[in-house]
Amino acid sequence: MAIILEGCDGAGKSTLAKKLGESYQFEVVHSDKMNYWEEYKLISSKGSDIIFDRLSHLSDQIYGPILRDEHDSTIVKNRKVFDKLLLDLKGVVVLCEPCLETTSYGWKKNLDSKGPESWDAFVKIYFGYKQLKTDLPMITFDWEKDDYQELIQQIDKEKANGN
């Protein structure tokens, strides 16, 4: 199984990745330093039992137009190919989505990262994730309100269904 954590900066992806990694005994990969093709090679060679703290073929849909005024054309063109590969690995997306105020605290703590530098860009990205497109099953998780064990059950159900 491949678990992909998505959400804007400050949404709790890295914290959740660590916790899920411990629960499932899966390797956690922070792919924010990789480009699309490096991610593709990693997934192709590693196979399953991996947790990704964000993948470019998903996050660029939101970040690209806001931070660079454009999508990465390679990613847009190959999104469905990437989704297919992940579907074959029983991939599931967990969209980390605590409230805007809570997420903004995490974003402000990490302003030195490569994420959005302005409040306006941050808000656009936060709400942009509500439009995320993927062929993978998606589970929305708000760590302030939702139960972690229920998230595990939802992930396990997706794994058992084989998508």
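Colleague: How many aromatic pairs does the count come to in this structure?
Modeller: This is a predicted model, and the pairs are those whose ring centres lie within 6.5 Å. By this rule the count of aromatic pairs comes to seven.

Colleague: Is the pair of Trp-107 and Trp-119 stacked or tilted?
Modeller: The ring centres of Trp-107 and Trp-119 are 5.9 Å apart, and their planes stand at 50 degrees. Planes under 30 degrees apart would count as stacked and those over 60 as edge-to-face, so with its 50 degrees this pair is tilted.

Colleague: How many residues apart in sequence are the parts that this pair of Trp-107 and Trp-119 ties together?
Modeller: Trp-107 belongs to helix 5 (residues 100-109), whereas Trp-119 belongs to helix 6. The pair therefore ties together parts whose separation in sequence is twelve residues.

Colleague: Which of the two counts as partly exposed, Trp-107 or Trp-119?
Modeller: Buried means under 20% relative accessible area, and Trp-107, with 6%, is therefore buried. A value between 20% and 50% counts as partly exposed, and with 39% relative accessibility this is the case for Trp-119.

Colleague: Is the aromatic pair of Trp-107 and Phe-122 stacked or tilted?
Modeller: Both Trp-107 and Phe-122 are buried, and the pair links helix 5, where Trp-107 lies, with helix 6, where Phe-122 lies, so that parts 15 residues apart in sequence are tied together. Trp-107, Trp-119 and Phe-122 form one aromatic cluster. Between Trp-107 and Phe-122 the distance is 4.6 Å centre to centre and the angle between the planes is 15 degrees, and this pair is stacked.

Colleague: Which helix gives the most to the largest nonpolar core?
Modeller: This core has 27 residues, and those that touch the most other members are Ile-4, Cys-8, Ile-43, Phe-52, Leu-55, Leu-86 and Tyr-129. Two or more residues come from each of several elements, among them strand 1, helix 2 (36-46), strand 3 and helix 6 (119-128). The element that gives the most to this core, with four residues, is helix 4.

Colleague: Which residue of helix 3 has a side chain joined to that of Glu-39 by a polar contact?
Modeller: Helix 3 covers residues 56-68, and Ser-56 has its place there. Its relative accessibility is 13%, so Ser-56 counts as buried, and beyond its neighbours within four places in sequence Ser-56 is in contact with Asn-35, Tyr-36, Glu-39 and Ile-75. The polar contact with the side chain of Glu-39, at 2.9 Å, is made by the side chain of Ser-56.

Colleague: Why are the buried residues of helix 1 said to be on the same side, and how wide is the arc they cover?
Modeller: The buried residues of helix 1 are Lys-13, Leu-16, Ala-17, Leu-20, Gly-21 and Tyr-24. They are on the same side of helix 1 because the arc they cover around the axis is only 135 degrees.

Colleague: Which exposed residues does the face of helix 1 turned away from its buried side carry?
Modeller: Helix 1 runs over residues 13-24, and what covers its buried residues includes strand 1 (2-6), strand 4 (92-96) and helix 7 (148-161). The face turned away from this buried side carries the exposed residues Thr-15 and Lys-18.

Colleague: Which residue with a positive phi follows helix 1?
Modeller: Helix 1 has twelve residues and reaches 16 Å from its first C-alpha to its last, close to the 16 Å expected. The residue that follows helix 1, with a positive phi near 60 degrees, is Gln-25.

Conventions. Residues are numbered from 1 along each chain as its sequence is written. This is a predicted model: local features need pLDDT of at least 70, side-chain atom pairs count only at pLDDT 80 or more; totals for chains, interfaces and linings use all residues. Side-chain values use heavy atoms; hydrogens and water are left out. The expected span of a helix is 1.5 Å times one less than its number of residues. Buried means under 20% relative accessible area, exposed over 50%, partly exposed in between (1.4 Å probe, protein chains only). The arc is that of the directions from the helix axis to the C-beta atoms. Contact means heavy atoms within 4.5 Å. A polar contact is a pair of N or O atoms within 3.5 Å; within protein, one must be able to donate a hydrogen and the other to accept it, and residues adjacent in sequence count only if both atoms are side-chain atoms. A nonpolar core is a set of buried Ala, Val, Leu, Ile, Met, Phe, Trp, Tyr and Cys residues joined through side-chain atoms within 4.5 Å. Rings of Phe, Tyr and Trp (its six-membered ring) pair if their centres lie within 6.5 Å; planes under 30 degrees apart count as stacked, over 60 as edge-to-face and the rest as tilted.
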